[in-house]
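Visitor: Could you walk me through one part of this model in detail? I'd like to hear about the charged side-chain pairs and where they sit.

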Amino acid sequence: MTKDNLAAVLHGIEDLRLEQRPIPTISDDEVLISMDTVGICGTDVHYLTHGRIGHFVMTKPMVIGHESAGVVVKVGSKVRTLDVGDRVAIEPGYPCAKCVLCKEGKYNLCPAMVCCATPPYDGNLTRYFKHPANFCFKLPDHVTMEEGALLEPLSVGVHACRRASVGLGSKVLILGAGPIGLVTLLVAQSMGATETCITDLVQSRLDVAKKLGASHTLLLNRTDTAEQMQQRIHDIMTEEPDRAIDCCGAEISTRVAIFATRSGGIVVVVGMGAPDVKLPLFDALAREVDIRGVFRYCNDYSRALALVAKGKVNIKQLVTHHFDMKETAKAFETSRFGLGGAIKVMIHVQPRNTNNPVKF
């Protein structure tokens, strides 16, 4: 095995470097993975620009990256589910499996959660990475490494739609047509939503949403009030939405989600914005509009993989840019500023299609 373990290490705000790290030593229940593809997430960019997200604050250099797939090159002595050579998608967070929340099946809320590229833990934009085998998902031959990496944002969409109880006949409003909004749209459609409306401030993103099958797209104006946005949404949809999923996190988008949702409906907030916001709680309470949070995902990776493997969702359409690992800085610039209409930017630790039986 080569000793080269090049890694993308964030040293602080606006300080991302490529440097060598030791190749990890695995424990009995872990696998060593030769990383293939890593997608850039908005949280990666946020750590680059702010050095923190909420109470997750960088205090030391951190390997970036968590949307990923690779090839198993070594297995621990107790691993029975994976073999050397298996192509896997990596669910980036793993819990203690001992606390009350874990035992209740809500392991995403485990206080001892270890998650890639969430301080103080390293991510996996590196040549070699170790991870618990139980949180690695073997990819069928027809599923590409890029799709494997995209299971991470897709799982967020799955979890959001499950939290919103999206089902047959749902009328779903999605605020924000970034990558998370778009995967949420795909999942909502696969779960039986019969009418979808997605909003954004950027027309090019709405054009993509329309191609993905959105019933309605709505370009919002920054100068509109939440009440004006609500009215425009109601004007364009055949009925008031019974489900609203806020994938922005801006205060006004959450306010719009509450105002626009029909009485007795459900609002799910996925996007994380300011720690304190002003919301129309009386409106929600008086109309019994449930407000639910989303934090990552929980038992959703296998569902996301099934959606892709069975052809129920096509996430390939979201990939707009490809970069070699040595072009990491350029890749982040492209994702950060949306250059060239960027939606999902992929970084290839190995040459493209090296590990894809079916080329991407």
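Guide: Sure, and keep in mind that this is a predicted model. There are 13 salt bridges in the structure. Let's take a few of them in turn.

Start with arginine 127 and aspartate 4, whose side chains meet in a salt bridge at 2.7 Å, N to O. Arginine 127 sits in the loop between β10 (114-115) and β11 (128-132), while aspartate 4 is in the segment before β1 (6-12), so this pair ties together parts that are 123 residues apart in sequence. How covered are the two partners? Arginine 127 has a relative accessible area of 16%, so it falls under the 20% cut-off and is buried. Aspartate 4, with a relative accessible area of 26%, is partly exposed.

The loop between β10 and β11 turns up again in the next pair. Here arginine 21 forms a salt bridge with aspartate 122, and the closest N and O atoms are 3.2 Å apart. Arginine 21 lies in the loop between β2 (15-20) and β3 (30-39) and aspartate 122 in the loop between β10 and β11, so parts that are 101 residues apart in sequence get tied together. Both ends have some access to the surface: arginine 21 is partly exposed, with a relative accessible area of 24%, and aspartate 122 also counts as partly exposed, at 34% relative accessibility. This pair has company, too, since Glu19, Arg21 and Asp122 are linked in a network of salt bridges.

Now for a pair that goes from strand to strand. The side chains of glutamate 30 and lysine 130 meet in a salt bridge, with 3.8 Å from N to O. Glutamate 30 belongs to strand β3 and lysine 130 to strand β11, so to speak two distant parts of the chain, 100 residues apart, that the pair links. What about burial here? Glutamate 30 counts as buried, at 8% relative accessibility, whereas lysine 130 is partly exposed, with a relative accessible area of 33%.

Put side by side, the pairs look like this: arginine 127 is the buried partner of aspartate 4, glutamate 30 is the buried partner of lysine 130, and arginine 21 and aspartate 122 are both partly exposed. As for strand β11, lysine 130 lies in that strand, and arginine 127 is in the loop between β10 and β11.

How values were computed
Residues are numbered from 1 along each chain as its sequence is written. This is a predicted model: local features need pLDDT of at least 70, side-chain atom pairs count only at pLDDT 80 or more; totals for chains, interfaces and linings use all residues. Side-chain values use heavy atoms; hydrogens and water are left out. A salt bridge is a side-chain nitrogen of Lys or Arg within 4 Å of a carboxyl oxygen of Asp or Glu. Helices (H or I, at least four residues) and strands (E, at least two) are DSSP runs, numbered from the N terminus. Buried means under 20% relative accessible area, exposed over 50%, partly exposed in between (1.4 Å probe, protein chains only).
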